[in-house]
Amino acid sequence: MEEQAQVSRRRFVTSTFAAAALAGFANQASAANPEGRPSREQPKAGETTPRAIGGGSISRVIIDTDPGIDDAFALLLALRSPELTIEAITPVAGNVPLEFTLPNALRMVEIAERTDIPVAAGASAPLVRRLVTATYAHGENGLGGAVFPEPHTKPVSMPAAEMIREVIRKYPNQVTLITIGPLTNVAVALSLDPEIAHLARGLVMMGGSLSGGNITPAAEFNIYVDPEAARIVFQSGIPITMVGLDVTRKTALTEEHVRRLEAAKNPVSQAAAIIGRNAVTRNRAQGYVIGPNMHDSLAMAAFLDPSILKFQDYYIDVETSGELTAGETLGYSPVAGDLRRRPDKEKDLAAMNMPIRGSAPTLASVKTSPVLRDKFVPNTKVAVDVDSDKFFELLIGRLSGR
Ligand code: BDR
Ligand code: CA
């Protein structure tokens, strides 16, 4: 049954949105170009406060996740953050298969005594690729070998993509997607209902990198697993905040952090301590001199307190066809001098008007323009610097209950 459903879902997605993406969807201004969206305020180049991020009175979020050691920390952080209204948690296959990420998410809501939050099962495989997992980092069970009881709570019957769609439609301009796994669920939701890109308040992702990958030299894991999905998301018009390896690599869980978690006696802190202790030990055994990166909880923290990070406007797109580079996120920014022009100027006005180009058309595809955008249009606020101490104060402080 599930296999059949999956096949038809993949067929649907492949034949619609994903196929469009693969066939040069980038050249269509409609879905991606914020200039064609009069209803949404336009971001300004160089702006440093992400529009996608909270700060208003209502912070409704959906957390899309593949737990995952650092996902577990991110979930527990969110579950201990009173300013968030978590409308749904939508597990996806990624670090480990869905048969582990789903119960791991259910375990986290049980540990935090938040079984009121619906958990909706997501995609068990990427849109058009076979699943590549990260058991080398997260262990076979996704929690680095830390063992928790089987959850009693069941997922809701609605699939993740439908849940994402329904919640965003129910609360127009109020819901932020926080994505800390491969973007398959979100891409399926967008393919079912592209308008939600303009009804969501924004999307804060852990994903991507402008400074090299962690699973290949080019690609960060979440984008590598499902680059076609990531491309759909980046081109959808949803305001994106990207918290990538450029900053998450600067966060390392230490022995001292784990001790603080162990010392606090609440169930969330104790669970985080078990996962953290295992992760630190495992990391050391693998020969790393610094502790495991807290990728996903940094993305969560970016939503809770944007002052932890510095942001820069970029146009981001995703490589989907490179044999060695699929999943790479490419960033264009005239402010950062990435268009190879006079980086001495604070903002290069000439570069603002340069086209954003893809690779040159081949003889077989003369109709495909290499120009993705006529001039620079930002679609993402990329985190470029982090105050790691401030981040860990928030993370460990909330988990340990202070
Ligand atoms: C990302 O990949 C996963 O392994 C982590 O959970 C995180 O979301 C880091 O590249
Ligand atoms: Ca993750």
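Accessible areas were computed by the Shrake-Rupley method with a 1.4 Å probe, and for residues only the protein chains shown count as cover. On this basis, the chain exposes about 16,700 Å², of which carbon and sulfur atoms supply 54%. The structure is a predicted model, in which local features need pLDDT of at least 70 and side-chain atom pairs count only at pLDDT 80 or more, whereas totals for chains, interfaces and linings use all residues. Residues are numbered from 1 along each chain as its sequence is written, chains are lettered from A and ligands numbered from 1 in the order in which they are written, and side-chain values use heavy atoms, with hydrogens and water left out.

Of the 402 residues in the chain, 58% are buried (under 20% relative accessible area, 1.4 Å probe, protein chains only). The chain contains 16 helices (DSSP runs of H or I, at least four residues) and 10 strands (runs of E, at least two), numbered from the N terminus.

Ligand 1 is surrounded by residues with a heavy atom within 4 Å of it, among them His138, Met206 and Phe221. An N or O atom in the side chain of aspartate 71 lies 3.0 Å from an oxygen atom of ligand 1. For asparagine 95, a polar side-chain atom is found 2.6 Å from an oxygen atom of the ligand; for asparagine 214, the corresponding value is 2.8 Å. The protein covers 96% of the 280 Å² of accessible area that ligand 1 has on its own. Helix 3 (69-79), helix 9 (221-225) and helix 14 (295-304) are the elements giving two or more residues to this shell.

Notes
Buried means under 20% relative accessible area, exposed over 50%, partly exposed in between (1.4 Å probe, protein chains only). A polar contact is a pair of N or O atoms within 3.5 Å; within protein, one must be able to donate a hydrogen and the other to accept it, and residues adjacent in sequence count only if both atoms are side-chain atoms.
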